[in-house]
Amino acid sequence: MTILMCEIAVVLAIAFATYNFQTIKQMEEGNEEMAEIASAIRVGATAFMVHEYKILFAIAGILAVLLCAFISTSSGIAFVIGVTMSAAAGWIGMKIATYTNVRVANEARITKTISSTVRVALKGSSVMGLCVAAFSLLGLIIVYGIFGNQLDTLENVKNWAGFTFVPFIMTLSSYALGCSVVAIFARVGGGIYTKAADMGADLVGKTEEDIPEDDPRNPATIADNVGDNVGDIGGTGSDLLESNVGGIVSAMLIGIYIVINGAVASGEVSIEIIRTMCMYPLGVASLGLIACVISLILVLSKEMSKNPYKDLNRATFISATLTAVLTAVYTNYMFASIDCATLGFKYGVMSPWISASIGVISGILIGRISEYYTSYDYEPTRQIAFASREGAGINITEGISVGMKSCLITFVLLAIAFMTAEMCAGIYGVAISAVGMLSFVATTVSVDAYGPISDNAGGIAEMAHLHPQVREITDKLDSVGNTTAAMGKGFAIGSAAFAALSLMVCYMYSYKPFGEAISINVLNPMVIVGLLLGTALPFYFSGMLIKSVSVAAGGMVDEVRRQFREIAGLREGKVKPDYKRCIEISSSAALREMKAPALLAVLVPVGSGFLFGPDFVAGLLIGAIVSAIALAIFSSNTGGAWDNAKKFIEAGGVEGEWKGSLAHHAAVVGDTVGDPFKDTSGPSLNILVKIMSTISLIMVCMFAQMHLFG
C-alpha cells in the first residue's frame, strides 16, 4: 500500500507541476525590451548550469565507479539515481524561474495589483516545490523497486571486521549521498555566482555611483539576476531535495537497525516489521506531498489578498494540517498489528505519529523564530535599521548581535523537540521528526522560491524602465520573500539537525557487532581529537566559501568600475554596458572556486577514517553537527536581518532616511556583508554535515579494517 501511495503522490505532483509549467509558458512576456532582458537571463543561467553539471557529473561518475568497486554494485547504481533526481530538480527549478520572472513583472505592469501578481509568482515557484518533493520520492521508489529484495532475507546481514553490514542500508545511503553531492556543488557553485554578482552590483552601483538597484546602466545587473536563478532557485531545489531525502533515508535506516538489533537479542526476525519500519517514513512523506498538492490547488484557485504573506502562510498552514490528519490515519493502519512495546514506542501505536507531529510543530516554530529575527515587522531587524544612522560599523555590529542571540532559542527548541520525540519512540522518533518537519516540503520550497522569482521580476521592471508602481509591487513581494526564505532555511536547519543525528546513530550501529549497545567513549583520545577537528571544520568550510565569494566579487567590482570609467556615455545612460563580461566573471569564478569546498566535505571524513579509524570519525561527526547547526542559524538569520533592515529603510521605516541617504548606504554595506552568510555558507552547512554523515556510514566497513593509527 505504501509504495502505491507514493506512486499516486508522485503522479499527482508531477501532473500539477506540468500543468503550472505550461500555464506559465503560455502567458505573455510583456514588451520587446522585457522579453530581451528575460532571454539574456535565461541564456546566462542555462549556460552556467550546463558547465556546472559537466564538472559535477564527471566527479559523480568517478564516485559511482568507486562505490561499485569497493562497496557494492547496488550502491553505485543508487548513487547515480540520487544524482539524477537532485540534478533534475535543480534544472527544472532554474528553467521555470527564468520563464516566470518576466511574466510576474508583466502581470504587475498590466494589472497594477499585488493579488494577481502573487498568484503568478506562486504558480511558477510551485513547479519547483512539487518537483523537489516528487523527485525525492520517485528516486526512493526506483531504488526500493530494484533493490528492495535485499530486505527479504537477513542472510546477507553479518558481522564483518567488527561492524554490522546490511546491504540495503548501504544502497539507501548511497542514494542519499548522490543527492548530497549534487546539492553541495549546486549550493556552493550557485551561491558563489549569485553573491559575487550581487555584491559587485551593490558595492559599485549603489554606494559609489549612487544609482538604483538593477539600474540598466550597471554592468552587473544581468549577472545578478542570473545568479538568483542558479543560486537561490537551482541551488535551493537541489538543497531541499537533499534535505528531504536525508530525513526520509535516516528514518528508514534507523527503523531497519532497531529491528535487526532487537532480532539478534530475541532470536526472532520479522521481515514484516522491518518493512513496516522502513516504509513508514515513505508513507508520511507521500501523504505530505498529497496534502501539498491539495493546499496549492486551494490557494491558487481562490482570490489572493493584498497581503502576500497571508496567502503564503495559508498554503503552509493547510499543508501542515492536512499532513497531520492523514498521517494519523496512516500510522494507525501501519502499526495496529505490531507489538509496539518491543520497538521502544512509549505511547503505543500512535507514538510515531506524535513524533512526526513534533517535527511539524517544531519546524513551524523554528520558521517563526527565523521570521522574528529577520522580518522588519519585528524589533531585532528594526534595531539594525535604526543603528544604520550611526554608520556601517554599527550596522554590522548590531546585525552580528542579532544573529548570535537567535541561536539560543532555536537550540532550546531543537533540544525540546529532540527529547520529546525520543521519549515517544526512541531514536526512531527523532528520525521521524525530521520526516515530519519536511513532510510538506513541496509547499515550503514553493514559498521559498517565490522570493527570488519576485526579486528577478523587480530587476526586469527596473531595467525595462517600467512604471515605478510595478517596482513597488515586486519590491513588496520580494520583501515578503526574504522572510519566507529565512523561514525555509529554518526548516532546512532543523531537519538537518535531526537527520544528521540520526545518520550518526546509524553510523554507530554499523561499526558495532549485532546486539551490542551503541556508545561513544568520550574519554577516548581519538574521539576527543575528532570532536575538536569536527567543531573547527564548519568554520573553515564557511571561511573557504566566504573567501571564494570575496575573490569573485572583487573581480566583479573591478570590472564594473572599469566599465563606468572607460565606456563613454555609460553613466549618462546613452550606451549599454557589457553585461556578457560580468556574466563570464561570475561563471568562471564560481566554477573555479566551488570544487575545493565540495571535495572537502567528502575527503575529510574518508581520509580521517582511513588514518585514525571509526572512533575518530564518530567524534568528528559530533563536533561538526553541533558546530555547523549553530553556525548555519547564525549565518542565515544575520544575513536575512541585514537584508531586511536595508529594505525597512527603503520603505521609509526610519524617519528622515531614504534611498541614497547615509543610513541607507550603511545598510547596503551590511546587506552586502550578509549576502555570502545567508545565501552561500549558511545553507551549505546543512549539506556539509549530512554528506559527512552519509559517506562515513557507507565507508565504515573500510575504516574498520584499514585505519593506520589509533
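**Glutamate 398**

I started with the contacts of glutamate 398 in this predicted model. Leaving aside neighbours within four places in sequence, glutamate 398 touches Gln383, Ile384 and Ala387, where contact means heavy atoms within 4.5 Å. I placed glutamate 398 in helix H11, residues 392-437; helices are DSSP runs of H or I of at least four residues, numbered from the N terminus. Its relative accessible area is 23%, so I noted glutamate 398 as partly exposed. The classes are buried under 20% relative accessible area, exposed over 50%, and partly exposed in between, with a 1.4 Å probe and protein chains only. I also looked up glycine 670, 272 residues from glutamate 398 along the chain, and found the two C-alpha atoms separated by 9.8 Å.

**Conventions**

I number residues from 1 along each chain as its sequence is written, and side-chain values use heavy atoms, with hydrogens and water left out. As the model is predicted, local features need pLDDT of at least 70 and side-chain atom pairs count only at pLDDT 80 or more, while totals for chains, interfaces and linings use all residues.

**Leucine 122**

I found leucine 122 in helix H4, residues 114-147. Its relative accessibility is 0%, so leucine 122 counts as buried. Beyond the neighbours within four places in sequence, I listed its contacts as Val299, Leu300, Met304, Leu312, Ser446 and Tyr450. The C-alpha atom of leucine 122 is 9.8 Å from that of asparagine 20, with the two positions 102 residues apart along the chain.

**Glutamate 7**

I looked up glutamate 7 in helix H1, residues 2-25. With a relative accessible area of 38%, glutamate 7 is partly exposed. From glutamate 7 to cysteine 701, 694 residues apart along the chain, the C-alpha separation is 34 Å.

**Helix H3**

I checked the span of H3, residues 73-111. The expected span is 1.5 Å times one less than the number of residues. For the 39 residues of H3 that gives 57 Å, and the end C-alpha atoms are 56 Å apart, which agrees. H3 has a kink of about 25° centred on threonine 100; the bend is the angle between axes fitted to the seven residues ending at a residue and the seven starting there. I noted 29 of the 39 residues of H3 as buried, so the helix is mostly covered by the definition above.

**H5 against H15**

I looked at the packing of H5 (residues 167-206) on H15 (residues 579-593): the angle is about 145° and the axes are 8 Å apart. Axes are lines fitted to C-alpha atoms over the stretch in contact, and angles run from 0 to 180 degrees between N-to-C directions. On the H5 side I listed Gly189, Ile192, Tyr193, Ala196 and Ala197, and on the H15 side Ile583, Ser586, Ser587, Ala589, Ala590 and Glu593. These contact residues divide into seven nonpolar, three polar and one charged. Nonpolar covers Ala, Val, Leu, Ile, Met, Phe, Trp, Tyr, Cys and Pro; charged covers Asp, Glu, Lys and Arg; the others, Gly among them, are polar.

**Positive phi**

Most residues other than glycine have a negative phi. I noted lysine 112, just after H3, with a positive phi of about 60°. Aspartate 210 has a positive phi near 55° and sits in the loop between H5 and H6 (221-266). Histidine 465, also not a glycine, has a positive phi of about 60°. I placed histidine 465 in the loop between H12 (441-463) and H13 (468-510). At 57% relative accessibility, histidine 465 counts as exposed.

Conventions:
Helices (H or I, at least four residues) and strands (E, at least two) are DSSP runs, numbered from the N terminus.
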